[in-house]
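Subject: Structure handover

Dear colleague,

As promised, I am passing the structure on to you, and my notes follow below it. Please read them with the sequence and the coordinates open beside you.

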Amino acid sequence: MSQETPQRANEQAAHRFLEQVDGSGFWKSIDLRFCAARNGRRWVNLITRGFLDHRTPRSIPRLSRVDRRDVRAWQVVRPVADLPAVVRGVAGDMVKLRPRSVRYVDESGQPTVNLRYSFSELAVSHQIAEYDAWSCHSLVGFGSSIFNAVRQGGHDPFELDSMIRSGPNAYDGLPDLVRRFCARPGGLKVQGSTTVVELIAPLAARFDRESVASTSEGVTVALRAASDVFVAKAELGWTLGTPGEPLRHGSTKLVEHEWEQKGAALRSQLHVPIRKSDDTATLFLLIGDRCADGVSVPLTGSNPRMRAHNVFDPSGHEFVKRLRDETWRNAKEFETAVGLLLFFLGFQVDPLGAKKGTGDAVDHLAHDPGSSMILAVECTVGPPDGGGKLGKLIARSDHLRSQLPDHEVVAVLATNRPRAGLSEVEVEKAARDDVVLLAREDLHELWIAAQSGETGGQVVRRLRNQLVEDRLRRAQRPVD
């Protein structure tokens with residue numbers, strides 16, 4: 001049997017991508033971002049990212065190109081009708097789009113990237129291609145190293161970042177150019193990164209996970225969509241379960257509900273009624289024949305502390321508002337919410353920060369009754385190490401350990417800022433000193449865990465695993 005050639009494999013992947021997205025009616029434009037290096041009279045690909053967009057070509061914001069002698073980055077916006085030609089060019093040898101063409105084959109005529117098609121659901125890991133947190137069809141290819149691609153063009157790869165930093169419309173090197181101009185969150189480095197092709201077709205509707213809540217009467221879920229073209233073909237499905245009884249299923253078309261324009265997105269809120277005996281609820285967001293998102297909703301009946309709290313704070317509305325406050329001003333309210341979250345998780349909580357006369361103390365002490373672990377918790381609405389907060393937490397935790405040799409003291413810093421907004425230096429400093437850093441997303445996961453009845457003992461295992469993983473990661477990191 002003859003072995004499949006790279007060219008043939010790329011053509012098959014391209015065909016699958018086009019088969020899934022061409023003619024679907026969701027998208028009107030393809031927004032292409034190129035970054036290429038000179039090789040003689042040709043321009044060879046470093047990164048190509050194409051986003052299928054529901055807006056018309058005229059509505060797509062334009063970016064100023066980066067134009068250097070040996071490296072360039074530019075944007076081309078075309079009607080979606082041009083998608084087949086673009087895909088064939090990427091899978092073949094060249095994309096011919098003004099003001100210049102980009103090559104995808106090496107000097108021997110072999111493909112420089114190996115393409116594959118995939119559909120990445122928002123409900124599962126989708127590290128391959130990400131588009132504004134939507135589920136997406138993607139055609140992705142990784143090729144030779146960027147270092148080699150630049151060197152083969154006769155240039156010094158170590159000078160590439162300097163080229164990008166100099167001249168008009170400068171960026172802070174290749175990683176910054178790739179993140180901001182090419183809209184690739186992970187960026188790319190000259191050394192250690194490969195050339196990339198990513199064509200992305202988002203199914204732009206999803207759950208707002210931070211606004212999913214349950215009561216004894218039902219589950220309320222918020223949804224977001226980029227355009228009414230996605231709402232028109234979407235439906236919400238659900239599965240409810242009562243112990244000892246068959247699962248119950250239902251669905252509703254999203255277009256039958258009210259949607260409101262908020263910012264750049266459409267938003268809606270739906271309510272799914274449940275029985276008091278239900279202990280599970282799983283929701284699915286379907287667009288055509290694809291599951292674009294899914295979420296399992298823990299029902300609050302399994303946590304008596306939350307049930308009692310919700311008598312006075314229906315659905316935990318005030319608690320959630322304080323935990324997720326995005327103004328970054330209400331430090332005391334955030335601190336109170338973190339203590340309450342730990343209480344919901346079964347910890348015995350001493351809110352030292354709310355007491356007078358406790359001296360130089362942490363904000364909370366939290367003890368798991370089923371173990372010897374004590375959490376020394378500091379809360380902040382600012383940067384993790386703002387005002388030397390990390391150093392102070394480490395010193396206070398060390399002092400606590402010296403006074404409680406029979407207990408396991410774990411330092412925890414909780415911030416209501418998203419992890420993407422945290423400084424890498426601060427994150428690394430926390431990990432190096434065995435401080436568990438809980439960002440906005442981590443606190444949300446713990447809130448979900450509390451709703452499902454997770455105990456302090458289970459959280460203790462989570463924290464221990466996080467500390468072990470951080471230590472292993474540091475131990476395995478290559479030494480410069």
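In what order do the five strands of the open sheet lie? The order is β19-β20-β21-β22-β23, and the pairing within this open sheet is mixed. Before I go further, please keep in mind that this is a predicted model, and that everything below was computed from it.

The edges of the sheet are formed by β19 (348-350) and β23, each of which pairs on one side only, and from one strand to the next the twist averages 25°.

Strand β22 is a good place to begin looking. Of the eight residues in this strand, which spans residues 408-415, seven are buried, so β22 is largely enclosed by the rest of the structure. With strand β21 (residues 373-380), β22 pairs in the parallel sense over eight bridges, and within that pairing I374 stands opposite V409 of β22. To get from β21 to β22 the chain passes through helix α10 (residues 389-403), and the β-α-β crossover made in this way is right-handed.

On the β23 side, β22 is joined to β23 (residues 435-438) by four bridges, and these two strands run parallel. You can find this pairing in the viewer from A414, which stands opposite L438 in β23, and from V412, which stands opposite V436 in β23. The connection from β22 to β23 goes through helix α11 (residues 424-432), and this β-α-β crossover is again a right-handed one.

Two further helices pack on the sheet. Helix α9 touches β19, β20 (364-367), β21 and β22, and its direction makes about 155° with that of β21. Helix α12 (residues 440-451), for its part, touches β22 and β23, with a direction that makes about 85° with that of β23.

Helix α9 also has a helix as a packing partner. Helix α9 (residues 331-344) packs with helix α7 (residues 304-312) at an angle of about 130°, and the axes of the two are 8 Å apart. Angles of 65 to 115 degrees count as roughly perpendicular and those over 145 as roughly antiparallel, and α7 and α9 are therefore oblique to each other. The residues that meet are R305, M306 and H309 on the α7 side and L340, F343 and F344 on the α9 side; by class, this contact has four nonpolar residues, one polar and one charged.

A residue from another part of the chain may also interest you. N39 is found in strand β1 (residues 29-39), and is N39 buried or exposed? Its relative accessible area is 14%, and since buried means under 20%, N39 counts as buried. The C-alpha atoms of N39 and A361 are separated by 62 Å, with the two residues lying 322 residues apart along the chain.

As for the chain as a whole, the protein chain has 13 helices and 23 strands, and its C-alpha atoms fill a box of roughly 75 × 55 × 50 Å, taken along the principal axes. Of its 480 residues, 50% count as buried. Among the contacts between residues at least 6 apart in sequence, 65% join residues at least 24 apart.

With best wishes

Note on methods: Residues numbered from 1 in each chain as written. Predicted model: local features only at pLDDT ≥ 70, side-chain atom pairs only at ≥ 80, totals over all residues. Heavy atoms only, no water. Axes fitted to C-alpha atoms, helices over the stretch in contact; angles between N-to-C directions. Parallel < 35°, antiparallel > 145°, perpendicular 65-115°, else oblique. Contact = heavy atoms within 4.5 Å. Nonpolar A, V, L, I, M, F, W, Y, C, P; charged D, E, K, R; others polar. Buried < 20%, exposed > 50% of the residue type's maximum accessible area, 1.4 Å probe, protein only. Pairing = 2+ DSSP bridges. Right-handed = clockwise from strand over helix to strand, strands pointing away.
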